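Dear colleague,

Please find the structure below, handed over for your records. A summary of what was found in it follows.

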Amino acid sequence: MENERVILAIGRIERALSRIETAKETGTNHQPDAALEKRHAALKDEMKRAIHTIDGLIAQQER
C-alpha cells in the first residue's frame with residue numbers, strides 16, 4: 001500500500017514537472033520566470049525525496 005502511494009506521488013510529480021517545462025519552453029516572452037523556476041526547483045527536490053523513499057522501500061523488501 002505504501003509503495004502504491006509513493007508511485008502515484010511520483011507520477012503526479014512527473015506530470016507537474018512536464019507541465020512546468022512545457023510552459024517554460026512555450027512562454028511568449030522567453031524571459032525567465034522566477035516563480036516558475038522556484039516551483040520547478042521545488043518539484044525537482046520533491047522528486048529526489050520520493051526516489052530516496054522508494055530506494056528505502058525497495059531495500060527493506062529485499063531483506
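The secondary structure of this predicted model comes to 2 helices and 0 strands; helices (H or I, at least four residues) and strands (E, at least two) are DSSP runs, numbered from the N terminus. Residues are numbered from 1 along each chain as its sequence is written. Because the model is predicted, local features need pLDDT of at least 70 and side-chain atom pairs count only at pLDDT 80 or more, while totals for chains, interfaces and linings use all residues; side-chain values use heavy atoms, with hydrogens and water left out.

Overall surface

The accessible surface of the protein is about 5200 Å², and carbon and sulfur atoms account for 53% of that area. Accessible areas come from the Shrake-Rupley method with a 1.4 Å probe, and for residues only the protein chains shown count as cover. Of the 63 residues in the protein, 21% are buried. Here, buried means under 20% relative accessible area, exposed over 50%, and partly exposed in between (1.4 Å probe, protein chains only).

Helix H2

Helix H2 covers residues 34–62, which is 29 residues. From its first C-alpha to its last it reaches 42 Å, close to the 42 Å expected at 1.5 Å a residue; the expected span is 1.5 Å times one less than the number of residues. The buried residues in H2 are Leu36, His40, Leu43, Met47, Ala50 and Leu57.

Three further residues of H2 deserve mention. Ala42 lies in this helix and is partly exposed, with a relative accessible area of 42%. Its C-alpha is 9.9 Å from that of Leu17, although the two are 25 residues apart in sequence. Ile51, also placed in H2, counts as partly exposed because its relative accessibility is 41%; Ile51 and Ile10 are 41 residues apart in sequence, with 8.0 Å between their C-alpha atoms. Thr53 belongs to H2 as well and is partly exposed at 37% relative accessibility. The C-alpha atoms of Thr53 and Asn3 are separated by 9.3 Å, with the two residues 50 apart along the chain.

Positive patch

Arg12, Arg15, Arg19 and Arg39 form a positive surface patch. Helix H1 (residues 2–25) supplies the largest share of this patch, 3 residues. Patches are made of residues with over 30% relative accessible area and no salt bridge, and like charges are joined within 9 Å. A salt bridge is a side-chain nitrogen of Lys or Arg within 4 Å of a carboxyl oxygen of Asp or Glu. Lys and Arg count as positive, and the place of a charge is taken as CZ for Arg.

Within the patch, Arg15 is located in helix H1 and counts as partly exposed at 48% relative accessibility. Arg19 also lies in H1, and at 55% relative accessibility Arg19 counts as exposed. The C-alpha atoms of Arg19 and His40 are 9.9 Å apart, and these residues are separated by 21 residues along the chain.

Yours sincerely

Note on methods: Patch = residues over 30% accessible without salt bridge, like charges linked within 9 Å, V, L, I, M, F, W, Y side chains within 5 Å.
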